[in-house]
Amino acid sequence: MLKDDSLIFIFSHYCHTCSILFSNDQQSNHTNHNYIQILDHEQFYQPCRYLLQPKENKHTNAQFFFTQTFIDYLINKILLPNSWDSFICIGCPTIYENLQ
């Protein structure tokens, strides 16, 4: 099994055009694409904040991207004080990322 940070070195690029992570040896496949070189730790582990963009077709891809202020409030004022042991994040990728 790979260590978490080792994935950053393997998949060190993100292509916005294809919406995929890719390695240095696959860079030639994305030459004319909009991509980010050399991902850092924060970009890799919080993709909603730094990499991903909401889907355009809102009818089939329900997604809610909340502000960090709301996420902090939800976690610190509602979830933690009430000792919730589980929480479903359907269509809420930003909340899911922050609960990890």
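**Notebook: cysteines, core, pocket**

I looked for disulfides and the count came to zero. The model is a predicted one. I then took Cys18 as a case: Cys18 is in no disulfide, and the nearest cysteine sulfur, that of Cys15, lies 3.7 Å away. The cut-off for a disulfide is a pair of cysteine sulfur atoms within 2.5 Å, so a pair at that distance is not counted. I also looked up the accessibility of Cys18, which is partly exposed at a relative accessible area of 33%.

**Cys92 and the core**

Is Cys92 buried or exposed? I found a relative accessibility of 14% for Cys92, so I entered it as buried. I next listed the largest nonpolar core, and Cys92 is one of its seven residues. The others in this core are Ile71, Leu74, Ile75, Leu79, Cys89 and Ile95. Which helix gives the most to this core? I noted helix H4, residues 68-79, with four residues.

From the core I picked Ile75 and looked up its contacts, leaving out residues up to four places away in sequence. Ile75 touches Leu80, Pro81, Asn98 and Leu99.

**His16**

I located His16 in the loop between strand S1 (13-15) and strand S2 (20-22). I had to check whether this loop residue is buried or exposed. His16 has 18% relative accessibility; the cut-off for buried is under 20%, so His16 counts as buried. What does His16 touch, not counting residues up to four places away in sequence? I wrote down Asn34, Tyr35, Ile36, Leu51 and Gln53.

**Largest pocket**

I turned to the largest pocket, which has a volume of about 200 Å³. Two elements give two or more residues to its lining: helix H2 (41-45) and helix H5 (93-99). I listed the lining residues as Phe44, Tyr45, Gln46, Pro47, Tyr96, Glu97 and Gln100. Sorted by class, the lining holds four nonpolar residues, two polar and one charged.

I followed up Glu97, which is among the lining residues and sits in helix H5. Is Glu97 buried or exposed? Its relative accessibility is 12%, so I put Glu97 down as buried. Setting aside neighbours within four places in sequence, I found Glu97 in contact with Tyr45, Gln46, Pro47, Cys48 and Arg49. Of these contacts, Tyr45, Gln46 and Pro47 also line the largest pocket.

Conventions
Residues are numbered from 1 along each chain as its sequence is written. This is a predicted model: local features need pLDDT of at least 70, side-chain atom pairs count only at pLDDT 80 or more; totals for chains, interfaces and linings use all residues. Side-chain values use heavy atoms; hydrogens and water are left out. On a 1 Å grid over the protein atoms alone, a cavity is a set of points where a 1.4 Å probe fits but cannot get out, and a pocket is an open set with protein on both sides within 12 Å along at least five of seven lines; lining residues have an atom within 4 Å of a point. Grid points are joined across faces, edges and corners, and a volume is the space filled by probe spheres set on the points. Ala, Val, Leu, Ile, Met, Phe, Trp, Tyr, Cys and Pro count as nonpolar, Asp, Glu, Lys and Arg as charged, and the others, Gly among them, as polar. A nonpolar core is a set of buried Ala, Val, Leu, Ile, Met, Phe, Trp, Tyr and Cys residues joined through side-chain atoms within 4.5 Å. Buried means under 20% relative accessible area, exposed over 50%, partly exposed in between (1.4 Å probe, protein chains only). Contact means heavy atoms within 4.5 Å.
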